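Colleague: Please give me a close look at the sheet part of this one, strand by strand, and then carry on into whatever else you think deserves a visit. I'd like the residues spelled out, so that I can follow along on screen.

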Amino acid sequence: MKKTGIPRKIVRRLLEVPGYLVKQGCRSKALRFLRNTSSARAIQEEVLLGILRKNEKSEFGQKYGFAKIKSAQEFKSQVPIFTYEDLRSDIERVKAGQTTCLFGPDEKVLMFALTSGTTSKPKFIPVTPASLKKYLQGWKVWGGFLLFDHPDAFSGYALQVVSRQKKPPLRGIIPCGSISGFIADTQNPLFKLTYVGRSSGLIEEPLGRYYYFLRSAIEEDITFITTPNPSTLVLLGRLVDEEKEKIIKDVHDGTLSRKMPIPQTVCKRIERRLKPNKIRSRELERVVEKSGRLLPRDFWPHLKVLATWKGGSVSIYLPGLKEFFGDVPARDIGLVASEGRFTIPTTDQGAAGLLNFPASFFEFIPEEEIESEKPTTFLCDELAVGKNYFPLLTSSGGLYRYNILDLVRVVGYCYQAPFLEFLSKGKHFSSITGEKISEFQVVEAAKAAAKVCGFHLDNFRLAPFWATTPYYGVMLEERGIPEEKLKSFAEKFEENLGRSNIEYLEKRRSQRLDPIRVKIIPAGTFAQEKASLIAGRGAIAEQYKHPFLSKEIHRDSTLNILREIGPGPNPTDNEAHFVRQGSGSQGDSGC
């Protein structure tokens, strides 16, 4: 976007020296992090004792005897496990200004990171100077590893799609909203100049904000894009193609379209900084003339890397990135939540990252013990590769033995630090007759089925449906996919789910469950649902995670079903034996 402020060349010149020093600093931090993996257990003990000493005079610390705790084992035996709901009343007191409820007398709260909770009430996560410092250090280490593989990632402009939408400050002084937005708003003003879309906080409507991000970025040489959820990247790719006439006209005229959901006063304010750019508009027109489409892969030829989540249910969006961004590599940003950073990915491969052991103290509950009143917990160097765990967090942000209810898998080790891969949020299971299907199993089975059947999956949802014999229905939005492909998809989905969940297969064999059926719903249904939930919970759009599995029993009468495909045959005893032996792999035969 052409601006009336500092010219691009001057910005680049001003940033050359500090930019070089920052990059070198990040690389050094990444190398130090890697060296320290050999003593991760000892560092974890130091982190824990540091948090306890700092907060031992808090009401919480006095209640649980922080001053007497000298080791991780004593901590585990003296302090119970908490969820946010267990701590909500204490955090409400902190919100009211009673910080010594959870913190020592010298600690202050900089902001409350707002995120959706498991109930209808949002979570308010305290952010202190100490927890913010750890949060930023984690990003610097992550950036150092990124720069080893992509040294030119920041050679151009960066597009950071985060929510800067703020809620009214608590007591009129403490910021409340997105921690990513808080960091973006308070970072060094000089480095802010390398990011586009800095006025996004003025736009509350997500569609208008996304259009503004595109309008701001399309005139620049973008080399780095980051946003937590890959569904946002897919949405941006679709939006710029669907609105190509509007955006090309805006670039040509130096305007911001009044046909998008952006307040008129905001449009006028932003347009003061815009100038007509006929050269760029003509370049964009030539892209459309050549391919009939306007895609980021064509108008951002120097894009080096995408930074986004890759693990768990959101991996369903990754195949769709290629359509819009071509072969640009994607780097997982790690398991990062409002509560803190859990992992730091070190390569582009997969979604796993090393435990962020210098930042907080971590314990791990085995998946099979999550319902236990007194589950066993293991420390960072005691985990079994290939097993799943629920991590507990003790941080500088007033959270102690805090169960974030995320499921992770240990995929390897670097000395004493485990590589963890995010699987699913919360205890996302569905069971009508004891089959205990997980969201992770559902997403993997659906991805494999769609790949074999030759189409990309965007949003979908598998849900139990009640009938004489209950069954699972996979809801897909209308996209014009041929019925034969959808029938094959249902069959492959069924087959893959049986391979990964023997209980589901047994319930099908015994005819306690009917086969999966595809249910086509109107286009835009999931987007409307997302908008409604965000408005109702006061949540942040970029943090929204689409639920691919519902455990609530559905009925056709309560849904707008356009048409239904299925059911298929029941599995035979031979098929059941085949699955028990673990032969084959998901989706290895054609439709």
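Modeller: Two strands pair if DSSP finds at least two bridges between them. Keep that cut-off in mind for the edge where we start, and remember that this is a predicted model.

The part to look at is an open sheet of five strands, with the order β6-β3-β7-β8-β9 and parallel pairing. Its edge strands are β6 and β9 (330-332), each of which pairs on one side only. Let's walk across from the β6 edge. Strand β6 covers residues 195-196 and runs parallel to β3, with two bridges joining them. The cut-off is at least two bridges, so β6 and β3 count as a pair. If you want a residue to find there, look for A158, which stands opposite Y195 in β6.

Now stay on β3, residues 157-160. In a regular strand the side chains alternate between the two faces of the sheet. For β3, Y157 and L159 are on one side and A158 and Q160 on the other, and all of them are buried, so both faces of the strand are covered. On to the next neighbour: β3 is joined by four bridges to β7 (residues 222-226), and these two strands run parallel. Here L159 has I225 in β7 as its bridge partner.

I225 is a handy stepping stone, as its bridge partner in β8 is L306. The pairing of β7 with β8 is in the parallel sense, over three bridges. Strand β8 (residues 305-308) then pairs with β9, again in the parallel sense and over three bridges. Follow L306 and you reach the edge strand, where L306 stands opposite A330 in β9. A second match on that side is T308, whose bridge partner in β9 is D332.

What about the faces of β8? V305 and A307 are on one side, L306 and T308 are on the other, and all four are buried, which leaves both faces of that strand covered.

For contrast, swing over to another sheet. This one has four strands in the order β21-β22-β23-β24, is open too, and its pairing is mixed. The edges are β21 (460-465) and β24 (563-565), each pairing on one side only. From one strand to the next the twist averages 30 degrees. At the β21 edge, six bridges link β21 with β22 (residues 471-477) in the antiparallel sense, and L462 stands opposite V474 in β22. Helix α17 packs on this sheet and touches β21, β22, β23 (514-521) and β24, with its direction at about 135 degrees to that of β23.

Since you are on α17 anyway, look at its other partner. Two packed helices are described by the angle between their axes and the distance between the axes. Helix α17 (residues 483-500) and helix α18 (residues 502-509) pack at an angle of about 120 degrees, and their axes are 5 Å apart. That angle makes α17 oblique to α18. On the α17 side you'll find E494, L497, G498 and S500, which meet I502, Y504, L505 and R508 in α18. The residues of that contact divide into four nonpolar, two polar and two charged.

Two loop residues round off the tour. T37 sits in the loop between α1 (8-35) and α2 (40-55). With a relative accessible area of 0%, T37 is buried. A polar atom of the T37 side chain lies 2.6 Å from the backbone oxygen of L34. Beyond residues up to four places away in sequence, T37 touches L354, F357, C414, Y415, Q416 and A417.

The other one is E107, in the loop between α5 (84-95) and β1 (111-115). E107 is buried as well, at a relative accessible area of 10%. Its side chain makes a polar contact of 3.2 Å with the side chain of K54. Apart from neighbours within four places in sequence, E107 is in contact with K54, T99, T128, P129 and A130.

Note on methods. Residues are numbered from 1 along each chain as its sequence is written. This is a predicted model: local features need pLDDT of at least 70, side-chain atom pairs count only at pLDDT 80 or more; totals for chains, interfaces and linings use all residues. Side-chain values use heavy atoms; hydrogens and water are left out. Axes are lines fitted to C-alpha atoms, for helices over the stretch in contact, and angles run from 0 to 180 degrees between N-to-C directions. Angles under 35 degrees count as roughly parallel, over 145 as roughly antiparallel, 65 to 115 as roughly perpendicular and the rest as oblique. Contact means heavy atoms within 4.5 Å. Ala, Val, Leu, Ile, Met, Phe, Trp, Tyr, Cys and Pro count as nonpolar, Asp, Glu, Lys and Arg as charged, and the others, Gly among them, as polar. Buried means under 20% relative accessible area, exposed over 50%, partly exposed in between (1.4 Å probe, protein chains only). A polar contact is a pair of N or O atoms within 3.5 Å; within protein, one must be able to donate a hydrogen and the other to accept it, and residues adjacent in sequence count only if both atoms are side-chain atoms.
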